[in-house]
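The following exercises are to be worked with the sequence and the coordinates at hand. Each task is followed by a solution in steps.

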Amino acid sequence: MATKHSRQSKEQIIANLSKITKLPKEEVNHLMERFNDLCRKEEGKLNRVEFRDELNRFFNITDDILMDRVFRAFDKKSCGTLRQEDYVIGIAKFLNGTLDDHIQLCFDVYDLNNDGYIVREEMFQLLKSCLVKAPTEEDPDELVKELVEIVMKKLDCDHDGRVSLADFKSAVAEDKLMLEALGKCLPDEKSKLTFHEMIRMFGGGRYTSTGSVSMSDQTRGGNRRNRLA
Amino acid sequence: MGQTLRRAAQWTSAQDGSTGKLEFTAINEELLNMILHFAEEGSSQEESQLVFKKPLTWKTSLTKSDIEGPGYVVSYTSIYSEATSPKGKARLLELKDGVMNILTLGQAHYVLQKAGDKKMVELRASLEGKSNRDPIVNMLGDRFATVEGSDNSIMRFHDEITKEIEALTKQTVNAEEKSKEIEEKRRMLSLRLKLLRLDEQMMSASIIKITNDVRLNPKIVDGEVMVLKKVCGPEKSIFALDDINFYGDNFIYQNGCRAAPWRQLNGDICYLVIKCFDGPTTLNVTANTSGYYLNKGPTNDKNGQLDYDRPDSDTYRDLVSLLKAKSPHFATMITQQEFTVTEHRDKDSGLSVAQHGQDDDGEHTNRSDRQRANHKEQPVKDRSQKTQQKPKEPSLKWKILAVEEDKQERQEHQSKSTMDSIHKQRIKKRQQSVFSSEHRKNKEKTDGEERFSESSTESEEEEEVIERRHEANADLPTEYWQIQKLVKYLKGGNQTATIIALCSLRDFNLNQETCQLAIRDVGGLEVLINLLDTDEVKCKIGALKILKEISRNGQIRRAIADLGGLQTMVKILRDQDKDLKSLAAETIANVAKFRRARRTVRQHGGIKRLVNLLDCVQLNSAVMTPEMEMSVEVARCGALALWSCSKSKKNKEAMRKAGAIPLLAKLLKSEHENMLIPVVGTLQECASEPSYGLAIRTEGMIEDLVKNLKSSNTELQMHCASAIFKCAEEKETRDLVRQYGGLDPLVGLLSSGTNDKQLLAAATGAIWKCSISPENVQRFQELRAIDLLVALLTDQPEEVQVNVVGALGELAKDPPNRQAIRKAGGIPSLVNLLTGTNQALLVNVTMAVGECAEEPDNMAIIDKLDGVRLLWSLLKNHNKDVQASAAWAICPCIENAKDAGEMVRSFVGGLELIVSLLKSDDKEVLAAVCAAIANIAKDEENLAVITDHGVVPMLARLTNTNDDKLRRHLAEAIARCCNWGNNRTAFGKERAVAPLVRYLKSKDENVHRSTARALFQLSKNPENCITMHEAGVVKPLIKMVGSKDEDLQESSAGCIGNIRRLALANEKARYS
């Protein structure tokens, strides 16, 4: 009886999530299974390190601050770990989110103190590591500050010295490239395709503890397919 | 000695002939001296007695008395030696008729001795002698001939000798004789070896001489400095040098020199500052084309000014030997090889400034150019990294310079006037316009075809753009500094910073030239193009968006092509991202505006990829998803790029092969102007190729073209009209245009009062070509096109006029139209245009005037306006088309003028001129002139004049032609010219009769008619009758009597009658 109930509820959850994410049920199921597999430390809860690993490996997002921020953006309940639905909804946004979804996500990521505005200090934090080769005769901090001013000029549409979500939206509408203006926090097309394909192809039955090995095979296969295409 | 003589010695240009001489150069002098020395004392007694296989023979300046001496016999004509060769009994020396023959070195020695101070002359003469080009062959036989590659004749000879010695030891018979023979062979061998040594000595001597002449150039200097930089360092114990640097700012002139131009005049290449560990610690060195030497270094009074004087007179061949001489430390370090080599690596970040040297496509010129540029920048770069007190700005300049420099370097290697050449502006003369050359094609089918496709479109953008460079940083706009800062972020930032910088760059007005050039000048182009090679889609999109804008500038286009941007963009065309593809295609469309770029696109397979872009599925479906819109956009950009590329003939061919035509046909169904314009633009570029013309018709594109003629967009209308203009050479196409109702909008374009000259030119061109079909002429008549066209005769640019006049000429072939032209007042304007200079226009005008002159009323006006005289003077035009066309136009004028004979006579020198044109080698001119002469000869007085000018023999000379058009008019002219004096006899004498008979075998009825007429006239002379009869004229003539053409019947019958009468008379004479 209990198992029947849990299966039922699982099906409900899948249906529910499928509705929210607009992903086919099967893929939702696969995502959920993947979540379960990722949770090594504590069942049903994906901690920061494990999630960062995932971001790093499949979505090519490497910056520490940003990975942290993406984690927080996924973590709707702010409980420090990701629940299954957080994970599924978040990843689904990665995969098939609309531009607005992405704008919201990026804004959440960049708004370090979650006050609804991105201010200069936050930009500085985000951009300070992005000058790979700082010319020696100039103060690297100065250069970053100048860069912040440049970004501010582009993003701050209402000229109030801070970037609201509306500002951000209109800036992105003007130039789509500004979406990730403060750091890469979305997967690129290629990794999106690869991951999505992996999720689509992956049958639940074959999912075992050695899954990660076969998964990386899948990834490689997906990559190859991409390259051929 | 053979090798040296052949290679090192400098022969004058006529080397292979017999007259090649040794040039009077230092090397040759040196070589001759060595040979002389050898001949005088190089050989031993034995060897000097060795008899040559063939004598050395040369023309000597010595006389018998010079040679005279004991042992030499003087005869009347010659002098010879008493000594003879042991076998052949030939004299060892003989001088006869100034020719010297010698058979031994001993004799040569003797001759040189006797020659005294003339011995050099003699030696020279003997080496230059025809048969002595390879003296060794003469001396020792063919087996020792100087050959290319390895020569082992000596080894074989040596083997032979040893074998014979062995054989000798075995057998005793004839031992004495044999040993003698071997002895001789030995002598030969030793002589050969000596000669070989001489050859070697001479070779090395000449090499030393040659190397002395090698001069320094900037490349060598750069190379040496680069090498020495690697052994520079602060530690005395491990480095050979402290520091080596170029002196002054880092400006490199186009020829690679760093020295100021006025110093370059003295041969200076650059100045070096070398810090040594010992000796005079700082060496100031001048690198001059003659070598390296010290200068006195910077003067104290003026900052940065060098004192170019030399403290000592030592000049060194290379930098190392100078340093060895000046710095003992350096010398010991170099010899001991105990120094450390430092590597200066490019420390640029991997992401943004990734060197894109990994292009796998075979890049040709661009690649090597770039490598050379890189090579050059190396030393400067190193320096700018090390000496940090220097401001950063100037060092950015070499990037620009290095790129442009290579372009001209080849032409002006050591240009002294560098400053001038930087600002030099070379504007190629624009070639003839599209439309005028189009006509030429029509007229001269022979060579016009190739010329046309070249001139039609290739040339337009080929001008060298004016180079404007800011020499000083004085008045740079603020944008410059802002852009420089952004480019800095591009260079030194990660992906995020790069994207920010790219987005901000686009906030500048990129259409403004200052911004475009600023991006280039601060080195932004390289970075942008490098970005295209990365994997970051967003960076690529951002970079392309900028490149797309700035590539509207001609200089930027060239720079992009020079930096290899096209290759990368062609690669991107295969990317999956549609944004990327369309941006790359659009940028290519901008860049491929000049020929080299178009070629690059083709050579890297770009055409095929661009054609693939055209393939988009639904075009005009009711609902467009963003996806579909995107693919339509890709197709549009592809069409834009193809439009640019289609200006080259080879690209057109490549596009056709890649299957562009059906895809273009599909896109032509689009409803969007921004799609249609590039598609029709491409089509009209390509339509000049016959294969496209056919395809455009068979693919049913005419209908769409006609439909778009009615568009409201003038540019689109213009391209459509232009496409029809180019395609309508074919009758079927013309008919299709009519059937789809295309004539009305064409005429409508004229009446719309548009001021767009290009549109007018295209529309009138289309009307011109369409009016070649009589059915179309009918329609144009109904549309009253003539009035509109006549209105366009004045106040229009020549491109329009050419087409208008062409159209009028075609329309005037229909008699009612001639009247219409007159009524519309077109005749005066036409006659007025006869005074022009545009040859395409002249061809059309003369034709139109000619057609109009068919009508007597028109002729009266033309006559009144003195039009015939103008036509006549055009016979003097250099262009054969104009000549021919003018001559054709003259015919109806003479026919229809009232007092034609008098009129013609009134042109001073006119008759002489037209007769002289019979010497032309152009068939069309000849035919036209013959036709004109036929008309002129109608007037008896004029006939007398042209007979005096020798028209008869000239016509007779032309009779051997196979060209039916010429035959027809030639026969006509001959027929007319028979009516004067003894011209008939003269034609007979000039052998014009028999060839004429052959004309009857032609298939052309017109040829038959005029030939029969000529034969009839000629047959009035009995001699000609005999010739004709002999040539078998009767049979074909009898056939022609049965022709339906009365004229032909009559003349044939008359001719037969004349022949028959002669026969009868003959018989009568015989029997009475």
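Which residues of chain A does the UniProt annotation "domain: EF-hand" cover? According to that unreviewed entry, the annotation covers residues 98-133 and 143-178 of chain A. The model examined here is a predicted one.

**Exercise 1. Describe the backbone over residues 143-178 of chain A.**

Step 1. Assign the secondary structure: this stretch is 64% helix and 6% strand.

Step 2. Determine the separation of its ends: the end C-alpha atoms lie 20 Å apart.

**Exercise 2. Characterise the contact between chain B and chain A.**

Step 1. Count the participants. Chain B contributes 25 residues and chain A contributes 24 residues.

Step 2. Evaluate the area. The two chains bury about 2200 Å² between them, and 59% of this is on carbon and sulfur atoms. On the side of chain B, Tyr489(B), Ile500(B) and Lys538(B) lose the most area to chain A, together 26% of what that side buries.

Step 3. Count the polar interactions. There are four salt bridges between chain B and chain A. One salt bridge joins the side chains of Arg506(B) and Asp175(A), at 2.9 Å from N to O. Residue pairs in polar contact, both at pLDDT 80 or more, number seven between the two chains.

Step 4. Assign the side of chain B to its elements. Helix 19 (478-492), helix 20 (495-505) and helix 23 (537-550) of chain B each give two or more residues to the side that touches chain A. Helix 20 of chain B supplies the largest share, seven residues.

Step 5. Classify the residues. The side of chain B that touches chain A holds seven nonpolar, nine polar and nine charged residues.

**Exercise 3. Locate the salt bridge between Asp921(B) and Lys880(B), and determine how far apart in sequence the parts it ties together are.**

Step 1. Obtain the distance: the two side chains meet at 3.2 Å, N to O.

Step 2. Place both partners. Asp921(B) is in the loop between helix 49 (910-916) and helix 50 (923-936) of chain B, and Lys880(B) is in helix 47 (residues 880-896) of chain B, so the pair ties together parts that are 41 residues apart in sequence.

Step 3. Check accessibility. Asp921(B) has 63% relative accessibility and therefore counts as exposed, the cut-off being over 50%. Lys880(B), at 35%, counts as partly exposed.

**Exercise 4. Analyse the salt bridge between Arg967(B) and Asp964(B).**

Step 1. The closest N and O atoms are 3.6 Å apart.

Step 2. Both residues belong to helix 53 (residues 964-977) of chain B, where they are three residues apart, about one turn of the helix.

Step 3. Arg967(B) is buried because its relative accessible area is 11%, and buried means under 20%. Asp964(B), with 27%, is partly exposed.

Step 4. For context, a search of the whole structure gives 51 salt bridges over all chains. In chain A, a network of salt bridges links Arg48(A), Arg52(A), Asp64(A) and Asp68(A).

**Exercise 5. Which residues of helix 37 of chain B are buried, and what covers them?**

Step 1. In helix 37 (residues 743-751), the buried residues are Leu743(B), Pro745(B), Leu746(B), Val747(B), Leu749(B) and Leu750(B).

Step 2. The elements of chain B that cover them include helix 34 (701-709), helix 35 (714-727), helix 36 (731-739), helix 38 (757-770), helix 39 (774-782) and helix 40 (785-791).

Step 3. Just after this helix, Gly753(B) adopts a positive phi of about 65 degrees.

**Exercise 6. Describe the surroundings of Ala886(B).**

Step 1. Ala886(B) is part of helix 47 of chain B and is buried, its relative accessible area being 0%.

Step 2. Apart from neighbours within four places in sequence, its contacts are Thr846(B), Leu871(B), Leu874(B) and Leu875(B).

Step 3. Ser873(B) is 13 residues away along the chain, with 8.8 Å between its C-alpha atom and that of Ala886(B).

**Exercise 7. Where do Lys22(A) and Asp795(B) lie?**

Step 1. Lys22(A) is in the loop between helix 1 (2-21) and helix 2 (25-38) of chain A. Although Lys22(A) is not a glycine, its phi is positive, about 60 degrees. Its relative accessible area of 69% makes it exposed.

Step 2. Asp795(B) is in the loop between helix 40 and helix 41 (798-811) of chain B. Asp795(B), not a glycine, has a positive phi of about 60 degrees. With a relative accessible area of 72%, Asp795(B) is exposed.

Technical notes
Residues numbered from 1 in each chain as written. Chains lettered and ligands numbered in written order. Predicted model: local features only at pLDDT ≥ 70, side-chain atom pairs only at ≥ 80, totals over all residues. Heavy atoms only, no water. Buried < 20%, exposed > 50% of the residue type's maximum accessible area, 1.4 Å probe, protein only. Helix = DSSP H or I, 4+ residues; strand = E, 2+ residues; numbered from the N terminus. Contact = heavy atoms within 4.5 Å. Buried area = accessible area lost by both parts, 1.4 Å probe. Polar contact = N/O pair within 3.5 Å; in protein donor to acceptor, adjacent residues only side chain to side chain. Nonpolar A, V, L, I, M, F, W, Y, C, P; charged D, E, K, R; others polar. UniProt positions renumbered as here; feature names shortened; annotations may be inferred.
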